[in-house]
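Colleague: Could you walk me through a structure, feature by feature?
Modeller: Sure, let's have it in front of us.

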Amino acid sequence: MNRLYLLLLFILISCSNPNQIGVVKNSDDLSLKLVTFINQYIDENYENLGSIFSDTIHLNLNNRLYKNITKLESGLKLYHKIYSEILIDSQFLCTFYLDDGSIKTFQKVNFITKNKITQNVGSIRAFFEYIWLDGYVVELSVVFDSETLNKEVKLFKSSLKNQPIGN
Amino acid sequence: MRIFFIFLIFLFFLTSCTSDVIGVVLKNDTYSSRVIEIMNDHQESSFNLFKKYLDEDVFIEYSGKIYNGKQNLIEVWKSEFYYFSDVFFDKKEVFTTFNKDRSYTTIFKANWNASGNFTNNSYSVYSFYEFKWKYDRIFEIHVHWNNEPYYKEWDKLIKSNKYE
């Protein structure tokens, strides 16, 4: 019986490290939801957006602020208008569960893109920070080097101007 | 009783090995304090503390560009002050994780603010730094940043040189 108490005490001590304030996971439900989201996104599938992102999500895209899920969806669709192909070269993510109850996920993705107009193949290295509340992402911050994208958007816009009116 | 005891030990090791936890977030750790000091020094264009903790073979991935070696890294960080003044970080957040492979990673997240030396523009850029530690030295850094301020300053510099 003493041994049982000893084992229980050992488990209790192992699980209550006073020098930690949270744990990091990468194969939990929330992390997997975001892996699915990115994989569906490159296939232009937006069906599950509502089950991951809050309707009133705050979006910070390179320090430009947007609100609500419709802005997020239209933003995501924009990239598929510019690029004929978007592929994932590599990705890494992890979710932080802090003792104060807050949950956030960091995701790093390297996208390979092919421009619809120029056929240029390039890469976009993006960093995403998701903040979760009650199972939904309520804040999303995205950082990436916008220079390449700005050039591609200009080309895209000029190609629209040159299109004949009507069919 | 003995069987029950053995079962409990078995269960303990089984759950430990199948845990999806890949690290823990540390409280009041030394690495976070060091990174805060390094980034405070950075605002003052001072790199002594940074040099002290950099491994000779440090590798940095800076917005998709890769630099190798301590000296190269210092030169890259110094070059920031050729283009920008009044560099300061706000909305700072720093924490360190102890990872399953027994390495440490310090995350520094902040808004980088500065004035452009050539355009006089004010910039505020959300930035994310990841410092990886081994044997008490930083051996890898990943920086996620929008380089737009650099492009604007370069552009202005090139245009102004043309008309000199």
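What follows is a chat about the contact between two chains, strand pairing and backbone angles.

Modeller: Ground rules: this is a predicted model, where local features need pLDDT of at least 70, side-chain atom pairs count only at pLDDT 80 or more, and totals for chains, interfaces and linings use all residues. Residues are numbered from 1 along each chain as its sequence is written, while chains are lettered from A and ligands numbered from 1 in the order in which they are written.

Colleague: How many residues does each chain bring to the contact?
Modeller: Two residues are in contact if their C-beta atoms, placed from the backbone, lie within 7 Å. Here chain B supplies 25 residues and chain A 29.

Colleague: Which elements of chain B give two or more residues to the side touching chain A?
Modeller: Elements are DSSP runs numbered from the N terminus: helices (H or I, at least four residues) and strands (E, at least two). On that side of chain B they are helix H1 (2–17), strand E1 (21–26), strand E6 (122–134) and helix H5 (148–162). E1(B) has the largest share, 6 residues.

Colleague: What joins E1(B) to strand E1 of chain A?
Modeller: Strands pair if DSSP finds at least two bridges between them. In this case 5 bridges join E1(B) to strand E1 (residues 20–25) of chain A, and the two run antiparallel. A:Gln20, for instance, stands opposite B:Leu26.

Colleague: And within chain A, how many bridges pair strand E4 with strand E5?
Modeller: Strand E4 (residues 83–98) and strand E5 (residues 103–115) of chain A share 13 bridges, antiparallel, with A:Cys94 partnered by A:Phe106. They make a hairpin with 4 residues between them, and A:Gly101 in the turn has a positive phi of about 95°. E5(A) also runs antiparallel to strand E6 (residues 121–133) of chain A, over 12 bridges; there A:Ile112 pairs with A:Ser123. That hairpin has 5 residues between its strands, and A:Gln119 in the turn has a positive phi of about 65°.

Colleague: Where does B:Ser45 lie, and is it buried or exposed?
Modeller: Most residues other than glycine have a negative phi. B:Ser45 has a positive one, near 60°, and lies in the loop between helix H2 (30–43) and helix H3 (48–53) of chain B. A residue is buried with 20 or more other C-beta atoms within 10 Å of its own, exposed with 12 or fewer, and partly exposed in between, with C-beta atoms placed from the backbone. B:Ser45 is exposed, with 12.

Colleague: What is phi at B:Asp86?
Modeller: Near 50°, again positive. B:Asp86 is in strand E4 (residues 84–99) of chain B, and is exposed with 10 other C-beta atoms within 10 Å.
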